[in-house]
Amino acid sequence: MPDRFRELQEAAIRFRDERDWEQFHTPKDLALGLQIEAAEVCELFLWKTRAEAAGKLHDEEFRTRLADELADVQVFLFYLAHAAGIDLPVAVEDKMAKNALKYPADKARGNARKYTEL
Ligand SMILES: [Mg+2]
């Protein structure tokens, strides 16, 4: 998985560099782009009831739109991590380890409380 992940990040960087877009990729603008793409994911679910949203997940056209927006989010994550010199797979592993300490399974299972409330 991490190898595939790195290949995809490199492909995204190549795509960008072939278009000479790095000049626009400041950390601030990449963070804004990430937020905007995440909002586009949310927009797909806006005003739908829980049942309607669940039903949409079986609609092929909707699934394609959702996949596209999730991919946009991931591409911005690639770009921002690259710009900041952060190894994203390592960062995810580190954060999951921190989360495991903050949310021990025996205390967090079956509830949505924040770690400070466990
Ligand atoms: Mg988008």
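Select Trp21 to begin: its relative accessibility is 37%, so Trp21 counts as partly exposed. On this tour, buried means under 20% relative accessible area, exposed means over 50%, and partly exposed lies in between (1.4 Å probe, protein chains only). You are looking at a predicted model, where local features need pLDDT of at least 70 and side-chain atom pairs count only at pLDDT 80 or more, while totals for chains, interfaces and linings use all residues. Residues are numbered from 1 along each chain as its sequence is written, and side-chain values use heavy atoms, with hydrogens and water left out.

**Stop 1: around Trp21**

Trp21 sits in the loop between α1 and α2 (27-45). Helices here are DSSP runs of H or I with at least four residues, strands are E runs of at least two, and both are numbered from the N terminus. Now add Phe15 and Phe24 to your selection: together with Trp21 they make a nonpolar surface patch of about 320 Å². Patch members have over 30% relative accessible area and no salt bridge; like charges are joined within 9 Å, and nonpolar side chains (Val, Leu, Ile, Met, Phe, Trp, Tyr) within 5 Å. The areas come from the Shrake-Rupley method with a 1.4 Å probe, and for residues only the protein chains shown count as cover.

**Stop 2: two backbone oddities**

Stay in the loop between α1 and α2 and pick Asp20. Asp20 is not a glycine, yet its phi is positive, at about 55°. Most residues other than glycine have a negative phi. For a second case, jump to Trp47 in the loop between α2 and α3 (50-56). The phi of Trp47, again not a glycine, is positive at about 70°. Trp47 is also exposed, because its relative accessible area is 79%.

**Stop 3: salt bridges**

Next, show the charged side chains. Opposite charges can pair when their charged atoms come close. A pair counts as a salt bridge when a side-chain nitrogen of Lys or Arg is within 4 Å of a carboxyl oxygen of Asp or Glu, and the model has seven of them.

- Select Arg4 and Glu7, whose side chains form a salt bridge at 3.6 Å, N to O. Both lie in helix α1 (residues 2-18), three residues apart, about one turn of the helix. Glu7 is partly exposed at 45%, and Arg4 is partly exposed at 49%.
- Select Arg6 and Asp87, which meet in a salt bridge at 3.1 Å, N to O. Arg6 belongs to helix α1 and Asp87 to the loop between α4 (60-84) and α5 (88-102), so this pair ties together parts that are 81 residues apart in sequence. Arg6 is partly exposed at 30%, and Asp87 is partly exposed at 35%.
- Select Glu18 and Arg19, joined by a salt bridge at 3.6 Å, N to O. Glu18 is exposed at 60%, whereas Arg19 is partly exposed at 36%. While you are here, highlight Arg16, Asp17 and Glu22, which salt bridges with shared partners join into one network.

**Stop 4: the magnesium ion**

Which protein residues are the donors of the magnesium ion? Select Glu37 (OE), Glu40 (OE), Glu69 (OE) and Asp72 (OD), which lie 2.0 to 2.2 Å from the ion. Donors are N, O and S atoms within 2.8 Å of the metal (3.2 Å for Na, K and Ca); water is not among the atoms, so sites may look incomplete. Along the chain, the donors of the magnesium ion follow the spacing E-x2-E-x28-E-x2-D. Distant parts of the chain are linked here: Glu40 is in helix α2 and Glu69 in helix α4, 29 residues apart. Glu40 is partly exposed at 26%, but Glu69 is buried at 17%.

**Stop 5: the two sides of α2**

Finally, colour helix α2. Its 19 residues reach 28 Å from first C-alpha to last, close to the 27 Å expected at 1.5 Å a residue; the expected span is 1.5 Å times one less than the number of residues. Leu30, Gly33, Leu34, Glu37, Val41 and Leu44 are buried in α2. They cover an arc of only 105° around the axis, which puts them on the same side of α2; the arc is that of the directions from the helix axis to the C-beta atoms. Turn to the other side of α2 to find Lys28, Gln35, Cys42 and Glu43 exposed.

Keep Gln35 selected: its relative accessible area is 56%. For a last distance label, connect Gln35 to Asp20: they are 15 residues apart in sequence and 22 Å apart in space, C-alpha to C-alpha.
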